[in-house]
Amino acid sequence: MADAERPRSSSRREAIPGYGLLIEDDGDYVKKKMSQSTGEEILTELICQLGFDDILCEVPTTTDVTTVMMPYASSLFSRRIPADRPQGAPRPSREFAFLGQFTDLPEDVVFAVEYSVHGAMYAVYRLFGVDREIRRSTTGSSTQRSALLRSSKVA
Ligand SMILES: Cc1cc2nc3c(=O)[nH]c(=O)nc-3n(C[C@H](O)[C@H](O)[C@H](O)COP(=O)(O)OP(=O)(O)OC[C@H]3O[C@@H](n4cnc5c(N)ncnc54)[C@H](O)[C@@H]3O)c2cc1C
């Protein structure tokens with residue numbers, strides 16, 4: 001259907017970002033790999049997975065799906081050992097720091113922008129001798145065995 005023919009509400013538009021991890025598996029409903037599918041096919045698979053079959057005809061006529069391949073988006077989660085990534089502000093340096101998602105911050109969790117901000121705070125605090133705590137909303141769970149056990153059951 002041409003874009004101009006699509007029924008649209010005049011004022012209310014919503015945008016939803018989605019991220020697919022298993023892009024080389026066939027869908028349960030659309031028998032194609034996600035990497036080979038159009039936006040409409042991905043939307044169809046999603047609607048069926050959610051059990052919203054009753055709106056399967058309606059939703060695609062009011063929804064645009066744009067796909068993009070992001071091969072490095074989950075590279076932050078690659079398995080690693082501590083020595084693989086530099087410390088944010090490695091001792092004994094007093095003049096430089098490493099910033100970003102690929103530095104190592106103890107007991108912190110990569111991906112969200114918070115990690116990059118914490119890294120910058122960590123570097124500034126250490127290099128300028130600022131005695132302040134970095135408050136984290138999420139912490140690593142290497143010592144929380146119950147959380148690890150729960151997540152393995154979900155997986
Ligand atoms: C699909 C997706 C969804 C996300 N959603 C969220 C979210 O909802 N909430 C959230 O908190 N985080 C989210 N993130 C993560 C968030 O985007 C990152 O944590 C954040 O952007 C990291 O910030 P940064 O400044 O460390 O690095 P970046 O934002 O990657 O900035 C690095 C910059 O350096 C530039 N650069 C690289 N190499 C060079 C070079 N050699 N010379 C000069 N410049 C260079 C790059 O072009 C880039 O502009 C999402 C990420 C993705 C991929």
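What span should the 15 residues of α3 have at 1.5 Å a residue, and how far apart are its end C-alpha atoms? The expected span is 21 Å and the end C-alpha atoms lie 22 Å apart, which agrees. The expected value is 1.5 Å times one less than the number of residues in the helix. The model is predicted; local features need pLDDT of at least 70, side-chain atom pairs count only at pLDDT 80 or more, and totals for chains, interfaces and linings use all residues. Residues are numbered from 1 along each chain as its sequence is written.

The chain has four helices and zero strands. Its elements run α-α-α-α from the N terminus on. Helices (H or I, at least four residues) and strands (E, at least two) are DSSP runs, numbered from the N terminus. Of the 155 residues, 6% count as buried. A buried residue has 20 or more other C-beta atoms within 10 Å of its own, an exposed one 12 or fewer, and a partly exposed one a number in between, with C-beta atoms placed from the backbone. Among contacts in the chain with a separation of 6 or more, 30% come from residues 24 or more positions apart. A contact requires two C-beta atoms, placed from the backbone, within 7 Å.

The loop between α2 (58–62) and α3 (113–127) contains Pro 92. The peptide bond from Arg 91 to Pro 92 is cis, with omega near 5°. Glu 107 is found in the loop between α2 and α3. Its phi is near 60°, a positive value in a residue other than glycine. Glu 107 counts as exposed because 11 other C-beta atoms lie within 10 Å. Phe 111 also has its place in the loop between α2 and α3. The phi of Phe 111 is positive, near 105°, and the residue is not glycine. With 13 other C-beta atoms within 10 Å, Phe 111 is therefore partly exposed. Just after α3, Gly 129 takes a positive phi of about 65°.

Phe 111 also belongs to the ligand surroundings. The other residues around the ligand are Tyr 19, Met 70, Ala 73, Gly 100, Gln 101, Ala 112, Val 113, Glu 114 and Ser 116. A residue is near the ligand if its C-beta atom, placed from the backbone, lies within 6 Å of the molecule. By class, this shell has six nonpolar, three polar and one charged residues. Nonpolar covers Ala, Val, Leu, Ile, Met, Phe, Trp, Tyr, Cys and Pro; charged covers Asp, Glu, Lys and Arg; the others, Gly among them, are polar.
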